[in-house]
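Thanks for making time this morning. I would like to take you through a structure that is new to most of you, so please have it open while I talk.

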Amino acid sequence: MWQSDNVIFNVNGRGLEALTKTLELVFKGSMVEGWKFKKDYGLCLYQHDSTSKKDINRFPVKISPSKASEIVFDWLKSDEAKLVPCKGWDADYDHDGINELGWRVYTEDWGHIDGDRDVVAIKPCYLWYGK
């Protein structure tokens, strides 16, 4: 499927159902073919061309975005996920409301993550609720 060069994606939320809908939107029905953990970015999911890189772990079978969301949701509870820094808009910010740990699915400029394309990163982040 043709994709623009200036992809922008940035969604935060909580729960498996919202994560599934978010990944369905990201991959538009395509399969997720690989993954890689990057400490500063989170768990990165790749589709098609990017999986030819040697450092990306290919799934043994192609998985749907809904299956990928189950894997990611379990990963978000892992010790590895806790290594990803929550800073800036993702931080446990002190304010006059409450914060709840959730997740963020995003790309950087041009729809890349750390120079990779056909990818999104998922990381833990705090959701801020004001009074």
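Before I come to individual residues, I should say that by contact I mean heavy atoms within 4.5 Å, and that what you are looking at is a predicted model.

Let me begin with the sheet, which is open and has six strands in the order E1-E5-E6-E3-E2-E4, with antiparallel pairing. Strand E1, residues 10-13, and strand E4 stand at the edges with a single partner strand each, so one side of each is left without a neighbour in the sheet. From one strand to the next, the twist averages 30°. If you look at strand E2, residues 32-38, you will find it joined to E3 by five bridges, the two running antiparallel, and within E3 it is Leu 43 that serves as the bridge partner of Phe 37.

Turning to the helix H1, we see that it lies across E1, E2, E3, E5 and E6, and that it runs at about 25° to E5.

Which residues have the most contacts inside the largest nonpolar core? They are Leu 23, Leu 45, Val 105, Val 120 and Ile 122, in a core of 20 residues. At least two residues of this core come from each of helix H1 (16-27), strands E3 (42-46) and E4 (57-63), helix H2 (65-75), and strands E5 (98-106) and E6 (119-129), with H1 giving the most, namely four residues.

Leaving aside residues up to four places away in sequence, Leu 23 touches Leu 45, Pro 65, Ala 68, Ser 69, Val 105, Val 120 and Ile 122. Apart from this core lies another, of eight residues, including Ile 56, Ile 113, Val 119 and Ala 121.

Terms used
Residues numbered from 1 in each chain as written. Predicted model: local features only at pLDDT ≥ 70, side-chain atom pairs only at ≥ 80, totals over all residues. Heavy atoms only, no water. Core = buried A, V, L, I, M, F, W, Y, C linked by side-chain atoms within 4.5 Å. Buried < 20%, exposed > 50% of the residue type's maximum accessible area, 1.4 Å probe, protein only. Pairing = 2+ DSSP bridges. Axes fitted to C-alpha atoms, helices over the stretch in contact; angles between N-to-C directions.
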